[in-house]
Amino acid sequence: MDELPYLTAGWVFLVGLYGMATSRNLVHQVMCLSVVQSATYVLLLSSGYRQGGLAPILIDAKPGSTTFVDPVVQALALTDIVVGAAVTALLLAIIVRVWRVKHTLDPDALTREES
Amino acid sequence: MSATRLRTGVLLIGLVALGLTLGWSLLNLHEYGDIRGSYETQIEAAALRERRVANLDAFVNFDYRALDTLGEEFIFLTAIVGLSLVLRRLPGEVEEGQPLPMIPGRSAPAPDELTQWITPAFVPALVVLGVYVLIHGHLTPGGGFQAGAIIGSALAMIYVAFGYSAFRHTINQEKTEAVEAVAAAGYIAMGLVALASGAAFLANILPLGKTGELYSAGTIWLLNDLTGAEVSFGFLTMLAEFLRETQDRGRGDDG
């Protein structure tokens with residue numbers, strides 16, 4: 001099963017999506033969004049893996065003679081994590097505001113109140 | 001609740017369809033462990049030649065993608081500004097300095113003695129670890145963003161063990177905001193200094209040093225440290241904003 005890391009990414013993505021759609025609490029929903037985002041980390045890192053590759057640190061290893069895993073996707077994963085943290089923080093702040101005004105975090109109850 | 005069941009049914013149809021297409025496209029990627037890109041080999045060769053930097057991730061982040069990292073930093077900064085804006089108290093809401101009503105039976109547990117014993121020992125040690133990860137970002141795994149997360153989490157322990165007032169006492173939010181802003185501005189200033197000296201924006205303007213030494217890799221370590229300062233103090237600002245909502249109310253008096 002060489003494709004297992006890719007399929008793991010797909011699985012984590014779908015599980016998170018299911019959680020977001022069926023969530024009964026906004027905080028839980030944001031956590032599910034984080035799960036969806038984690039799928040992208042798995043996909044990025046596994047797509048950059050090279051068989052037998054080392055961490056891309058050149059202290060004791062010379063380029064050319066040693067294989068490294070791809071540092072570009074690792075840097076992209078870092079960007080991904082930072083953006084994920086920013087989005088989560090902002091969404092949680094909005095949820096605090098919803099709680100202040102409505103005193104409920106159930107998406108269904110909030111929709112009912114709207115209509 | 002047939003509406004809920006209908007909704008779940010529609011969701012499952014969508015998820016199965018998405019799962020099939022997603023699985024199909026994932027299986028059509030290059031074979032796992034067999035990436036073939038010339039970009040990565042060129043980065044490897046250029047890192048030592050151009051910047052004498054040991055950590056290839058730092059090289060990508062603060063040289064090849066330095067402009068993107070600037071954007072990344074400002075996404076973080078903008079999120080914190082937005083968070084402060086969203087969390088401000090409007091007229092008609094619970095007043096500033098007053099705690100929000102809590103869900104009955106869901107108050108924070110009383111801080112236990114063990115946590116209070118461990119925290120004073122762990123906080124300085126974790127901050128030192130964070131600073132270590134920060135200043136060696138161009139040599140070993142780690143760097144500004146990682147260090148920021150470590151330092152921020154370390155200081156969050158103060159809240160966990162001693163509550164909001166202790167956190168408030170230790171962390172001056174006005175100062176964390178100021179440091180955060182100065183660090184973010186410093187990153188841009190580095191780029192402008194490079195521009196003024198006739199090089200490209202964020203190009204290297206410092207001596208490169210010797211690979212593996214602390215002061216090597218030119219501007220990478222400085223950009224890295226500025227990022228670390230911005231992220232750790234930004235993280236603290238974020239925490240202070242969220243923790244202000246709790247105001248210590250309900251700690252242990254609801255159980």
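Colleague: Where should I start: which residues have the most contacts inside the largest nonpolar core?

Modeller: Start with Ala89(A) and Phe59(B), which have the most contacts inside the largest nonpolar core, a set of 70 residues. Helix H8(B) gives the most to this core, with 12 residues. Please keep in mind as we go that this is a predicted model.

Colleague: Let me look at one of those two residues. What is Ala89(A) in contact with, leaving aside its neighbours within four places in sequence?

Modeller: Ala89(A) is then in contact with Ala79(B), Leu83(B) and Met238(B).

Colleague: That brings me to the two chains. How do people usually describe an interface?

Modeller: The size of an interface is often given as the accessible area lost when the parts come together. Here we can describe the contact by its residues: chain A gives 43 and chain B gives 49. On the side of chain A that touches chain B, the elements giving two or more residues are helix H1 (4–22), helix H2 (26–47) and helix H3 (71–102) of chain A.

Colleague: Which element gives the largest share of that side of chain A?

Modeller: The largest share comes from H3(A), with 16 residues. By residue type, the side of chain A that touches chain B divides into 29 nonpolar, 8 polar and 6 charged.

Colleague: Now for chain A itself. How many helices and strands does chain A have?

Modeller: Chain A has 4 helices and 0 strands, and from the N terminus on its elements run α-α-α-α. For its overall form, look at the C-alpha trace of chain A, which spans about 65 × 30 × 15 Å along its principal axes. The radius of gyration of chain A is 19 Å, whereas a compact globule of 115 residues would have one near 13 Å.

Colleague: What part of chain A is buried?

Modeller: Buried residues make up 24% of the 115 residues in chain A. As for its contacts with a separation of 6 or more, 53% are between residues 24 or more positions apart.

Colleague: And what does chain B look like in the same terms: how many helices and strands?

Modeller: Chain B has 8 helices and 0 strands, in the order α-α-α-α-α-α-α-α from the N terminus on. Of its 255 residues, 33% count as buried. Among contacts in chain B between residues at least 6 apart in sequence, 73% join residues at least 24 apart.

Colleague: How should I read a pair of packed helices?

Modeller: Two packed helices are described by the angle between their axes and the distance between the axes. Take helix H3 (residues 56–64) and helix H8 (residues 219–243) of chain B, which pack at an angle of about 85° with their axes 10 Å apart. Angles of 65 to 115 degrees count as roughly perpendicular, and H3(B) and H8(B) are therefore roughly perpendicular to each other.

Colleague: Which residues meet there, in H3(B) and H8(B)?

Modeller: Ala58(B), Phe62(B) and Asp63(B) in H3(B) meet Ile220(B), Leu223(B) and Asn224(B) in H8(B). The residues of this contact divide into 4 nonpolar, 1 polar and 1 charged.

Colleague: One last residue, please. Why does Leu20(B) count as exposed?

Modeller: Leu20(B) counts as exposed because it has 10 C-beta neighbours inside 10 Å, and the cut-off for exposed is 12 or fewer. You will find Leu20(B) in helix H1 (residues 2–27) of chain B. From Leu20(B) to Tyr159(B) there are 139 residues in sequence and 46 Å in space, C-alpha to C-alpha.

Key: Residues are numbered from 1 along each chain as its sequence is written. Chains are lettered from A and ligands numbered from 1 in the order in which they are written. This is a predicted model: local features need pLDDT of at least 70, side-chain atom pairs count only at pLDDT 80 or more; totals for chains, interfaces and linings use all residues. Two residues are in contact if their C-beta atoms, placed from the backbone, lie within 7 Å. Ala, Val, Leu, Ile, Met, Phe, Trp, Tyr, Cys and Pro count as nonpolar, Asp, Glu, Lys and Arg as charged, and the others, Gly among them, as polar. A residue is buried if 20 or more other C-beta atoms lie within 10 Å of its own, exposed if 12 or fewer, and partly exposed in between; C-beta atoms are placed from the backbone. Axes are lines fitted to C-alpha atoms, for helices over the stretch in contact, and angles run from 0 to 180 degrees between N-to-C directions. Angles under 35 degrees count as roughly parallel, over 145 as roughly antiparallel, 65 to 115 as roughly perpendicular and the rest as oblique. The radius of gyration is taken over C-alpha atoms; the globule rule is 2.2 Å times the number of residues to the power 0.38. A nonpolar core is a set of buried Ala, Val, Leu, Ile, Met, Phe, Trp, Tyr and Cys residues joined through C-beta atoms within 7 Å.
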